[in-house]
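Open the model in your viewer and keep the selection tool ready. The tour below goes from stop to stop, saying what to select and what is there.

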Amino acid sequence: VSLCFQMGTPYILNSDRAMPNDFQLQQNSSTTNGNRENKAGVNVVFSFIPCFIFLYINCVMLYTLRSKPVFRETSRYLLLYNLLLAETLQMILAQMMFLLAAGLVFMTRLVCLLVVIPTIITTVTSPFSLAVMSLERYVAVCFPLRYACIVTVPTTYGAIAVVWAISYANMLIRVIMLTALDSRPFGQFMDIPCSKNPIFQLKIFSEFESGFVCAEFLSVGLIIILSYVGVMVAAKAASTDRLSANKASKTVLLHMFQLGLSLSSSLVSTILTGLHGKVDVITFRHLRFFLFVCLIILPRCLSCLIYGLRDQIIRPILIRHLRLGIKMLNIQVVHPRY
């Protein structure tokens, strides 16, 4: 008697002869597995549709922010472009890794590491970008006369470079630790789909990540809170434009909300790891799909909706570009080129 496993469910096959009950059991197992595969395919489709829609909106927003000189020469829009670029890359990489996991695509540790590296870099970039954007709003409201001297295009590019340098430094430390402490060869094929945890599976990596994430969100959260307090204090001053100050305070609050979403998205892998083995396979897949769409995909489009629709300069240009893109798509669907 040989014990065979398929989709985590064992069943018995007689090596000498196959009894009718065995055939019936095998057919039932095949039917169950087919239903599971169909449900997994439906989840992949439903995850791809919102990702494609949000990716299209983000790409239109990125194009809009490079379409006018005022966007390319204003610090506020440069910072927004940097945040949108990082979140768009996160969305693309997250969808790619989800498809690889759903399709059970296996690869070597080196290839998986090359896929994971940009994912970690862009994930670290977003919270620090929010901190810089909050400081920019704080300076604009609290120091309006010195704003043009403090916040310039060169200083903005310098702040963006510092944000990306922190992200690269974090990744460089991880890679150095990986090559020094992990004895597994990089050419070894992985027995599970590519993700961050199988690559950095030693305990020291989880401790390092926990410490870095805590320091990151505490520092960024403190900066955003202090910026909000400073803006609110300035809003009560008689010499400050209260309308501008109130708008800036709402923007900083939105930054805090986005920081919370970034923190929740970083906990997805931890939540799934805790649920693994405690729930059945179908429930685990549904939870993974729900967390992927709600905590990873949806927050990556909020920046576009928050800033694109609230800004009086961006909104008409963004809506015009979106309408033009939809119109061109309708033309291609109705009158395809052969």
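A residue is called buried when its relative accessible area is under 20%, exposed when it is over 50%, and partly exposed in between. By that rule Asp182, at 12% relative accessibility, counts as buried. Keep the rule in mind, because these words are used with those cut-offs throughout the tour. Note also that this is a predicted model.

**The whole chain**

Start with everything selected and shown as a cartoon. The chain has 13 helices and two strands. Of its 338 residues, 39% are buried. The chain exposes about 18800 Å², and carbon and sulfur atoms supply 70% of that area. Among contacts with a separation of 6 or more, 77% are between residues 24 or more positions apart.

**Annotated segments**

Next, colour the segments that the UniProt record marks. The unreviewed entry gives the annotation "transmembrane region" to residues 44–65, 77–107, 113–135, 147–169, 210–231, 252–275 and 287–309. Select 113–135: this stretch is 100% helix and 0% strand, with its end C-alpha atoms 34 Å apart. Then select 147–169, where the chain is 91% helix and 0% strand and the end C-alpha atoms are 30 Å apart.

Stay at the start of that second stretch and pick Tyr147, which is found in helix 5, residues 147–150. Which residues is Tyr147 in contact with, leaving aside its neighbours within four places in sequence? They are Glu136, Arg137, Val139 and Ala140. One of these, Arg137, is 10 residues from Tyr147 in sequence, and the two C-alpha atoms are 9.8 Å apart.

**The disulfide**

Now select Cys112 and Cys194 and show their side chains. The structure holds one disulfide, and it is formed by these two residues, with their sulfur atoms 2.0 Å apart. The link of Cys112 and Cys194 is right-handed, with 90° about the S-S bond. Cys112 lies in helix 4 (residues 109–142) and Cys194 in the loop between helix 6 (153–181) and helix 7 (196–199), so the pair ties together parts that are 82 residues apart in sequence.

Are these two cysteines buried or exposed? Cys112 is buried, because its relative accessibility is 0%. Cys194 is buried as well, with a relative accessible area of 3%. For two other cysteines, select Cys142 and Cys214. Cys142 is partly exposed at 23% relative accessibility, and Cys214 is partly exposed at 47%.

**A network of charges**

Side chains of opposite charge can pair when their charged atoms come close. The structure holds four salt bridges. Select Asp182 and Arg109, whose side chains meet in one of them, at 3.3 Å from N to O. Asp182 lies in the loop between helix 6 and helix 7, while Arg109 lies in helix 4, so this pair ties together parts 73 residues apart in sequence. Both Asp182 and Arg109 are buried.

Add Arg184 to the selection. The side chains of Arg184 and Asp182 meet in a salt bridge of 2.8 Å, N to O. Why does Arg184 count as partly exposed? Its relative accessibility is 22%, and partly exposed residues lie between the 20% and 50% cut-offs.

For another salt bridge, select Lys196 and Glu209, whose side chains meet at 2.5 Å, N to O. This pair links distant parts of the chain: Lys196 is in helix 7 and Glu209 in helix 8 (residues 203–236), 13 residues apart. Going back to the earlier group, salt bridges that share partners join Arg109, Asp182 and Arg184 into one network.

**Along helix 8**

Stay in helix 8 and pick Ile204, which is found there. Ile204 is partly exposed, with a relative accessible area of 36%. Not counting residues up to four places away in sequence, Ile204 touches Met177 and Leu181. The C-alpha atoms of Ile204 and Leu181 are separated by 9.3 Å, although the residues are 23 apart along the chain.

**A nonpolar patch**

For the last stop, switch to a surface view and select Leu104, Phe106, Phe189 and Ile192. Together Leu104, Phe106, Phe189 and Ile192 make a nonpolar surface patch of about 410 Å². Ile192 is found in the loop between helix 6 and helix 7. With a relative accessible area of 39%, Ile192 is partly exposed.

Notes
Residues are numbered from 1 along each chain as its sequence is written. This is a predicted model: local features need pLDDT of at least 70, side-chain atom pairs count only at pLDDT 80 or more; totals for chains, interfaces and linings use all residues. Side-chain values use heavy atoms; hydrogens and water are left out. A disulfide is a pair of cysteine sulfur atoms within 2.5 Å. Helices (H or I, at least four residues) and strands (E, at least two) are DSSP runs, numbered from the N terminus. Buried means under 20% relative accessible area, exposed over 50%, partly exposed in between (1.4 Å probe, protein chains only). Patches are made of residues with over 30% relative accessible area and no salt bridge: like charges are joined within 9 Å, nonpolar side chains (Val, Leu, Ile, Met, Phe, Trp, Tyr) within 5 Å. Accessible areas come from the Shrake-Rupley method with a 1.4 Å probe; for residues, only the protein chains shown count as cover. UniProt positions are given in the numbering used here, feature names are shortened, and annotations may be inferred rather than shown by experiment. Contact means heavy atoms within 4.5 Å.
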